[in-house]
Structures are given as C-alpha cells and as structure tokens.
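This report describes a protein chain as it appears in the display below. Please look at the fold before reading on.

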Amino acid sequence: MEKRVYLLEDDKNIGELVTCALEMSNIETECYPTIAEFWDAVEKEPPAAALLDIMLPDGNGLDVLARLKQKYPMVGVILLSALGQETDKVRGLNLGADDYVSKPFGVLELAARVNALLRRSRQTAALVRGNLSLDEDTMTVTLRGVRLELNNKEFNLLKYLMQKEGKALTRENILNAVWGYDEGETRTVDNHVARLRKLGIDYIETVFGVGYKFVYRE
C-alpha cells in the first residue's frame, strides 16, 4: 500500500500512541516490538516508510537502518530515540536516515514529518536518466518513449543499478539486493544484465573483476 508505514518500537504505550496518530492522518501503520518481527514484515512487503527506535531489546535500530537502506534504499526512514546526543543523530543521518525525532515528541508533529517524508518519496518514485525512465508507482520502464517489457527481476535489477548510479556493485551485492541471497550462481546476474542491454539500455557498464555499475552518459 502506498502510504503503509512500519513502526519498530518496543514500548507498547508509545507504539499505540504513534499508530493512532498516524492512522488519524490516514497513514496505515503497523507496529512491531522486535527486530525479528519487523524484518518478517519487511521481507513480505516493504513499507513506504519506517519509524525506527534505536534502543531495542533485541538489537540496535541503527543496525536495522543500515540493513534496510542496503536492501530497500527507497524506503524512507525516521529515527525515534530518547538518545539526544549529536553523535547518534549524525551516525543515523550518515547511514541514510531521512529525519530524526527525539523523545519525547509531539505526535502531531511526527505525523506531519511522516506525511512530508511520504510526499518526498512519491516525488522521487520516478528515476529518469536521459531517455530512460523507470516509474516505481506503475512498474513501467520507457526508453526513448517506448515502453519496455520487463519481468519483475529485470525491473528490480535496473532500479537497483539506477539507485546506485556510478557505484561499482559486485555480483554478490546485486544477488543479495535483487534476489535476496548473496551466495549463488552469479551467471543469473550476467544473464539479466545481458537482457537489459539487448533491450537497448546501454548505461550498464561491466567493471572487470567486480561486477557492474550504472553510468549515465548524455
């Protein structure tokens, strides 16, 4: 669902308060008290955004943030924590958090921040590089105005490469991000890249001895 948000918060009272406030703002919210339950939900269906507590009984929210941004970079993240130290905020932002809210916080302000994050996410749903356009909302890719017929893995592979533009990615990185495992037949990646190139997408460069990278050339 477009506006679904996952909340990772072990405090039941805070979880219920935040969930109620967001749902009053027409944002569907699911609260999970443990990292394990949170990841079970994410793997089944990634949310539009996630609210992460930092101090958790079964781990650290910053570690969750790092993994989430690696596997699902388009998921917006707001950190929630009683830790007000600047170093925690800086680390979270450097790991890819979109915003940081210190406890105690006003639920109306939090709801406004979540709505703002969701608006920004929708505005960046389309990735455009020259004559190549990828739209996550409609799951479509067009090249020179012509729609390309891609299967789900081809679409997600192209999206991942475009999101990581300019970065050399190993085949193992790609397998993990797109297929969900980092050990397997790397020819799978090669075959899918070959298919994208055959369709005319010529921005994917081979990095010999490493893997691939997306490079936009005008």
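Cys 31 has a relative accessibility of 31% and therefore counts as partly exposed; buried means under 20% relative accessible area, exposed over 50%, and partly exposed in between (1.4 Å probe, protein chains only). The model is predicted, so local features need pLDDT of at least 70 and side-chain atom pairs count only at pLDDT 80 or more, while totals for chains, interfaces and linings use all residues. Residues are numbered from 1 along each chain as its sequence is written, and side-chain values use heavy atoms, with hydrogens and water left out.

**Cysteines**

The sulfur of Cys 31 lies 13 Å from the closest cysteine sulfur, in Cys 20, which is too far for a bond. A disulfide is a pair of cysteine sulfur atoms within 2.5 Å. A search of the whole structure finds zero disulfides, and Cys 20 is accordingly in none. With 43% relative accessibility, Cys 20 also counts as partly exposed.

**The chain as a whole**

The chain contains eight helices and 14 strands. Helices (H or I, at least four residues) and strands (E, at least two) are DSSP runs, numbered from the N terminus. The radius of gyration is 19 Å, close to the 17 Å that the globule rule gives for 218 residues, so the chain is as compact as a globular protein of that length. This radius is taken over C-alpha atoms, and the globule rule is 2.2 Å times the number of residues to the power 0.38. Along the principal axes, the C-alpha atoms fill a box of roughly 55 × 35 × 30 Å.

Of the 218 residues, 44% count as buried. The accessible surface comes to about 11100 Å², and carbon and sulfur atoms make up 49% of that surface. Accessible areas come from the Shrake-Rupley method with a 1.4 Å probe; for residues, only the protein chains shown count as cover. Among contacts between residues at least 6 apart in sequence, 57% join residues at least 24 apart, where contact means heavy atoms within 4.5 Å.

**A three-stranded sheet**

One open sheet has three strands in the order E12-E14-E13, with antiparallel pairing. Two strands pair if DSSP finds at least two bridges between them. The edge strands are E12 (169-170) and E13 (204-207), each of which pairs on one side only. Four bridges join E13 to E14 (residues 211-214), and two bridges join E12 to E14. The table gives residue pairs from these bridged strands.

| Residue | Partner in E14 |
|---|---|
| Thr 170 | Gly 211 |
| Glu 205 | Lys 213 |
| Thr 206 | Tyr 212 |

Helix H6 (residues 152-163) packs on the sheet and touches E12, E13 and E14; the direction of H6 makes about 70° with that of E14. Axes are lines fitted to C-alpha atoms, for helices over the stretch in contact, and angles run from 0 to 180 degrees between N-to-C directions.

E13 and E14 form a hairpin with three residues between the strands, where Gly 209 takes a positive phi near 80°. Phe 208 lies in the loop between E13 and E14. At 76% relative accessibility, Phe 208 counts as exposed. The C-alpha atom of Phe 208 is separated by 9.9 Å from that of Ala 168, although the two residues are 40 apart along the chain.

**Helix H7**

Which residues of H7 (residues 171-179) are buried? They are Arg 171, Ile 174, Leu 175, Asn 176, Val 178 and Trp 179. These buried residues pack against helix H3 (61-71), H6, E12, helix H8 (187-198) and E14. Just after H7, Gly 180 takes a positive phi of about 90°.

**Backbone exceptions**

Most residues other than glycine have a negative phi, and most peptide bonds are trans. Asn 26 has a positive phi near 65° and is not a glycine. Asn 26 sits in the loop between helix H1 (12-24) and strand E2 (29-32). With a relative accessible area of 61%, Asn 26 is exposed.

The peptide bond from Lys 103 to Pro 104 is cis, with omega near -5°. Pro 104 belongs to the loop between strand E7 (99-102) and helix H5 (107-123).
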